[in-house]
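Please open the structure in your viewer and keep the selection tool at hand. The tour goes from one selection to the next and says what is there.

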Amino acid sequence: MTAEANPRTGQGTWVRVLVRGAVLTVVLLGLVAFSVLLAKVTLTPSPASEDLVTANLRPGRSLRQYAEDYTFLAACKQAGGNLLLGVPFGLLLPFFVPRRLRMIRTTLLTAVAMAVVELIQGALVEGRAFDVDDVILNTAGALLGYFVLGRRISHRYYTYTDDSGPAGPSAEKKPGAEPKRAPGPVARARAARAKAARTKTVPTKTARTKAGQRDRPKPAASALAEKRGARTGRTGGAASGGRGATGSGAVRSLFDRLRGR
């Protein structure tokens, strides 16, 4: 039954399209708002900190400085702020990332985006510097947001709106689905030839039994009989040879006697 013939299927398709468009619109607006907030927080000049901040290319250096030189509240504010700054990436990016390797792609996109922001800070913004620990904290915040909430809501979104997603208990059969075709004559002929080749290669039970009988050693009685037969044959041959020699000698002596007379 096609989509035109089944109004319920067509209505479900339109509902999925509308839900997908509404969700993507909301997520896109949220991503734009977050980008504006991120630019305001990270790209605002800070002339008072120009002599205090320095570029950091060594992972863990700033975190160690937070723990040693800052108070507990100041350290939580610095580290926690960078973590929270990356959480929206873990909530919004899964809606635009393919389902395969979604977590890895979300992590890589977050790391690249925050690295670009840090480079712009160090190159163009007064009182700001590139810090690799900020990139690490932002990426960790994106992973936190993804595992806490982003993975669940994105999975439900794809399950509901994607036609190729897992079917529920009340899911209808897709229109236009063709049944599996039977194998053609060429495929059947190939299968028959392969089966015949396998049958020829494997020896039958009767052939294996006959081969085992031929290879089996003969019993001792039959071997003894063969030896006796061989001895008897040799003795008979010798006897017949002696009788032949004796007869020829008698004829020759008789012939000599006749010549003497």
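Start on the surface by selecting Leu43, Val112, Val116, Ile120 and Leu124, which make a nonpolar surface patch of about 430 Å². Bear in mind throughout that this is a predicted model.

Stay with one member of the patch, leucine 43. Its place is the loop between helix 1 (7-42) and helix 2 (61-69). Is leucine 43 buried or exposed? Leucine 43 counts as partly exposed, because its relative accessibility is 32% and the partly exposed class runs between 20% and 50%.

Now go to the interior. In soluble globular proteins, nonpolar side chains tend to be buried together. Select Phe34, Leu38, Leu85, Phe89, Leu93, Val97, Met114, Val117, Val135 and Ala142: these 10 residues form the largest nonpolar core. Two or more residues of this core come from each of helix 1, helix 3 (72-92), helix 4 (102-124) and helix 5 (132-161). A second core, of 5 residues, lies apart from it; to find this one, select Val27, Leu92, Phe95 and Tyr158, which are among its members.

Return to alanine 142 and show its surroundings. Leaving aside residues up to four places away in sequence, alanine 142 touches Gly86, Val87, Phe89, Gly90 and Thr110.

Next, turn to the aromatic rings. How many aromatic pairs does a search of the whole structure find? The search finds 5. For one of them, select tyrosine 146 and phenylalanine 147: the ring centres are 5.5 Å apart and the planes stand at 75°, so this pair is edge-to-face, as planes over 60 degrees apart count as such. Colour the two residues by accessibility as well. Tyrosine 146 counts as buried, because its relative accessibility is 7%, under the 20% limit. Phenylalanine 147 has a relative accessible area of 37% and is therefore partly exposed.

Then select Phe95, Tyr157 and Tyr158, a cluster linked by ring pairs. Phe95 and Tyr158 also belong to the core of 5 residues visited before.

Finally, zoom out to the whole chain and switch to a cartoon view. The chain has 8 helices and 0 strands, and its elements run α-α-α-α-α-α-α-α from the N terminus on. Colour by burial: 20% of the 261 residues count as buried. With the surface shown, the chain exposes about 19500 Å², of which carbon and sulfur atoms supply 63%. Last, consider contacts between residues at least 6 apart in sequence: 79% of them join residues at least 24 apart.

How values were computed
Residues are numbered from 1 along each chain as its sequence is written. This is a predicted model: local features need pLDDT of at least 70, side-chain atom pairs count only at pLDDT 80 or more; totals for chains, interfaces and linings use all residues. Side-chain values use heavy atoms; hydrogens and water are left out. Patches are made of residues with over 30% relative accessible area and no salt bridge: like charges are joined within 9 Å, nonpolar side chains (Val, Leu, Ile, Met, Phe, Trp, Tyr) within 5 Å. Accessible areas come from the Shrake-Rupley method with a 1.4 Å probe; for residues, only the protein chains shown count as cover. A salt bridge is a side-chain nitrogen of Lys or Arg within 4 Å of a carboxyl oxygen of Asp or Glu. Helices (H or I, at least four residues) and strands (E, at least two) are DSSP runs, numbered from the N terminus. Buried means under 20% relative accessible area, exposed over 50%, partly exposed in between (1.4 Å probe, protein chains only). A nonpolar core is a set of buried Ala, Val, Leu, Ile, Met, Phe, Trp, Tyr and Cys residues joined through side-chain atoms within 4.5 Å. Contact means heavy atoms within 4.5 Å. Rings of Phe, Tyr and Trp (its six-membered ring) pair if their centres lie within 6.5 Å; planes under 30 degrees apart count as stacked, over 60 as edge-to-face and the rest as tilted.
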